[in-house]
Structures are given as structure tokens and as C-alpha cells.
Amino acid sequence: MNASVTVRVPAKVNVQLSVGPLRDDGYHDLVNVFHAVSIFDEVEAKESESVKVSVEGEWADQVPLDEGNLAVQAARALAKHAGRSYGVELVIRKTIPVAGGMAGGSADAAGALLACNELWGLGLPLEDLMEIAGDLGSDVPFSLLGGTAVGTGRGERLSQVEMGGTFHWVFAVADGGLSTAKVYAECDRLREVSGEQVAGLQGNQALLDALRIGDAAGLGAELTNDLQAAALSLRPSLAQTLAVGTELGALGAIVSGSGPTCAFLATSAEHARALAEALSAADVCRTAVPTSGPAPGAQLI
Ligand code: ATP
């Protein structure tokens with residue numbers, strides 16, 4: 001057994017998020033093209049008699065320290081799978097915004113799965129961890145896998161997309177989060193009010209082609225998020241954030257997942273840095289972070 005193990009896990013943006021009608025089980029069918037980006041949380045797992053967690057970093061005060069913490073739930077699920085009552089002290093160093101639509105909680109759950117698998121010397125293969133991850137939440141399997149992948153079902157059935165290059169992004173982080181459940185409920189409400197019929201869900205071939213050949217302009221033109229109208233309805237100021245990024249020359253601008261973080265596609269690393277500075281100066285977000293994707297999934301460091 002190791003005394004301490006640290007794992008690094010990426011945030012994600014959905015470059016396509018197509019949402020089907022509400023299912024009887026309360027979930028929505030999705031076609032979800034996940035793309036991991038180089039904004040990382042770290043999850044350290046240390047030997048302990050019981051399961052406990054602490055959180056460090058800018059967003060620490062917004063993260064639960066009880067059984068509501070997704071990393072704690074992941075550790076418990078893994079111990080249950082192994083049929084033992086293991087303990088672990090988890091230390092989460094948060095960089096991914098909380099409730100920002102970038103799957104930060106899911107990242108920490110994936111990090112805890114990988115770290116505890118190592119700490120406890122279980123040696124479970126990735127496919128077993130992916131199965132446990134799917135029960136923890138729709139985005140957790142992708143946080144383990146990383147890269148770029150198409151998710152179907154609730155988002156948990158994944159098939160990896162071959163990538164032709166690196167994309168440069170800016171994430172405009174808002175003050176305060178948005179609840180994912182409330183954004184889905186608002187999406188359902190808006191559809192009911194407008195009478196919109198949701199057509200059959202499918203992957204956007206032009207978008208997948210752009211990802212495969214590393215065509216940033218093509219990807220920027222094809223970004224879609226069915227939750228965007230709901231996020232804007234709940235947080236109208238995001239419309240201005242998106243408009244300013246577009247005026248500043250972004251190839252594409254989109255709400256990330258359920259928001260309120262906004263994602264902008266840049267032409268180069270240099271353009272991403274300039275765009276981030278200009279967005280910060282325009283006072284349309286709390287902070288703007290230049291980064292790139294695809295990033296690897298959960299990794300021991
Ligand atoms: P998604 O993009 O998957 O919809 P999100 O990025 O919008 O999720 P998270 O940062 O995952 O949202 O947090 C959602 C809620 O989950 C938070 O409000 C927080 O109370 C709770 N939570 C539980 N565990 C964690 C964790 N380890 N890190 C962050 N939030 C957590």
C-alpha cells in the first residue's frame with residue numbers, strides 16, 4: 001500500500017450538448033460531445049482509518065465536506081465494490097469552478113476513484129472504474145477517460161473521438177454558480193411554453209469532422225448547447241459575456257454545459273491569452289482563463 005497518492009483530473013466543456021425530452025426516470029437522453037481542457041483539480045488520497053475530506057483553493061468554501069461530496073461518494077462506492085470498509089483522507093485542491101458547468105465535482109469523483117484504487121492496492125482495470133463512475137454521475141466516466149468523446153444515454157456511454165490537433169480556449173468564469181438540475185428544469189419549462197418538439201438526437205457530423213482534422217474555425221461554427229437558452233434565461237447577463245467574446249474575435253462562443261461559465265474558441269494560444277485579457281478588462285466575468293484541449297483524463301502524478 002502507498003501512504004499517499006495524488007491524481008490530476010481535467011475540467012470539460014461540451015462542444016455539442018443535445019438534450020432530448022424528459023424521460024420517466026427523471027433523466028434526459030443526451031448526445032453529448034465532451035472535450036477535456038487543461039484546467040485541473042488535484043485529489044490526494046492518504047491513509048486513514050475513516051473516510052474524510054478537506055478542500056483547498058479559491059472555490060473551497062462552496063464544496064460540501066460531508067457525504068454530499070462527490071469524491072467521498074466515489075471512495076465509498078469503490079470500497080463497497082471491493083467488499084471492504086476502507087478509510088481514506090481525501091485532500092481536494094480545487095481549480096475547476098464550482099457549479100460552473102465544467103464537471104468539477106465529477107472530476108473530483110473520478111480522481112478519488114483512481115487515487116483510492118491505487119492507495120488501497122486494488123488494481124481494478126479502467127473498465128471497472130468506468131462502471132462505478134457511471135453509477136456516481138453522468139459526467140464521471142468522461143472525467144476518467146479525458147480527451148474528446150461522444151456520450152449517449154444519460155451521457156455515460158462513451159466513444160472516444162480521434163483528434164487532429166490542439167484547440168485553444170478561453171473560459172470566462174462567472175460570480176456564483178448555476179444548479180445543473182435547475183437549468184434542465186428551465187430547459188423543460190421553456191420547451192413547454194414554446195411548444196418546441198425535440199427532433200431525434202444525433203451527433204453533428206460537421207462538428208466531429210472539425211474535431212478530427214483540428215479545424216478550429218469549423219468547430220467554432222458548429223458549437224451547440226441545448227441548455228444555453230435555459231442558462232441565459234436564469235442568468236441574462238451571460239448574453240453580454242458571449243456577445244463581447246464574439247466581438248473580440250472568438251471563433252465560437254458558448255455556455256459551458258449548464259453554465260454559467262462561458263467558453264470561447266481562439267485561433268491560437270496567443271489569441272487565447274489576448275482574448276482572456278480583453279474579456280477580463282471588459283468586466284463581463286469574474287476571471288477569464290486561457291487554456292487548451294484535449295487534455296488527458298484522470299492521471300496519477
Ligand atoms: P456539471 O458540469 O457536471 O453539470 P458543475 O460543474 O456545474 O457540474 P459541480 O462543480 O460539479 O457543478 O458542482 C455541483 C454541486 O455539487 C456543487 O454546488 C456542490 O455543492 C456539489 N459538490 C459535491 N462534491 C463536490 C466537489 N468535490 N466539487 C465541487 N462540487 C461538489
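Hi everyone, let me start with one stretch of this chain: residues 208-281 have end C-alpha atoms 34 Å apart, and the span is 58% helix and 15% strand. Helices here are DSSP runs of H or I with at least four residues, strands are runs of E with at least two, and both are numbered from the N terminus. Why that stretch? An unreviewed UniProt entry annotates residues 208-281 as "domain: GHMP kinase C-terminal". UniProt positions are given in the numbering used here, feature names are shortened, and such annotations may be inferred rather than shown by experiment.

Two housekeeping points. This is a predicted model, where local features need pLDDT of at least 70 and side-chain atom pairs count only at pLDDT 80 or more, while totals for chains, interfaces and linings use all residues. Residues are numbered from 1 along each chain as its sequence is written.

Now the overall layout. The domain assignment gives domain 1 (4-161) and domain 2 (167-293), with bounds that come from an automatic or database assignment. Their C-alpha centres are 22 Å apart. How many residues of each domain are in contact with the other? For domain 1 it is 29 residues, and they meet 36 residues of domain 2; contact means C-beta atoms, placed from the backbone, within 7 Å of each other.

On the domain 1 side, β1 (4-22), β2 and β5 (148-152) each supply at least two of the touching residues. The largest share comes from β1, with ten residues. By class, that side of domain 1 has 18 nonpolar, ten polar and one charged residues. In this scheme Ala, Val, Leu, Ile, Met, Phe, Trp, Tyr, Cys and Pro are nonpolar, Asp, Glu, Lys and Arg are charged, and the others, Gly among them, are polar.

Next, the core. The largest nonpolar core has 100 residues, and those with the most contacts inside it are Ala-71, Ala-112, Leu-113, Trp-169, Val-170 and Phe-264. A core of this kind is a set of buried Ala, Val, Leu, Ile, Met, Phe, Trp, Tyr and Cys residues joined through C-beta atoms within 7 Å. Strand β2 (residues 28-46) gives the largest share of this core, ten residues. Both domain 1 and domain 2 contribute residues, so the core lies between them.

If you want one residue to click on, take Phe-264. Beyond residues up to four places away in sequence, Phe-264 touches Trp-169, Val-170, Ala-172, Gly-245, Ala-250, Ala-253 and Leu-275.

On to the ligand. Which residues are closest to the ligand? Out of 22 that surround the ligand, the closest are Ala-103, Gly-104, Gly-105, Asp-108 and Thr-180. Being near the ligand means having a C-beta atom, placed from the backbone, within 6 Å of it. α1 (70-82) and α2 are the elements that give two or more residues to this shell, and α2 gives the most, with four. The shell has nine nonpolar, eleven polar and two charged residues. Both domains give residues to the shell too, so it lies between them.

The UniProt record, again unreviewed, has a "binding site" annotation that includes Pro-97, Val-98, Ala-99, Ala-103 and Gly-104. Let's walk through part of it. Val-98 sits in the loop between β4 and α2. Val-98 is partly exposed, with 18 other C-beta atoms within 10 Å; 20 or more would make a residue buried, 12 or fewer exposed, and partly exposed is in between, with C-beta atoms placed from the backbone. Setting aside residues up to four places away in sequence, Val-98 touches Trp-59, Gln-62, Val-63, Gly-104 and Gly-177.

Now some backbone geometry. Most residues other than glycine have a negative phi, and most peptide bonds are trans. Ala-99 has a positive phi of about 50°, and its place is the loop between β4 (88-93) and α2 (104-119). Ala-99 counts as buried, with 20 C-beta neighbours inside 10 Å. Ala-103 also has a positive phi, near 60°, and is buried with 30 other C-beta atoms within 10 Å. Away from its sequence neighbours within four places, Ala-103 is in contact with Ala-11, Lys-12, Asp-139, Ser-143 and Gly-257.

Finally, the cis bonds. The peptide bond from Gly-259 to Pro-260 is cis, with omega near 5°, and Pro-260 is in the loop between β9 (252-255) and β10 (262-266). The bond from Gly-293 to Pro-294 is cis, also with omega near 5°, and Pro-294 lies in the loop between β11 (287-293) and β12 (299-300). Thanks for listening!

Definitions and conventions
Two residues are in contact if their C-beta atoms, placed from the backbone, lie within 7 Å.
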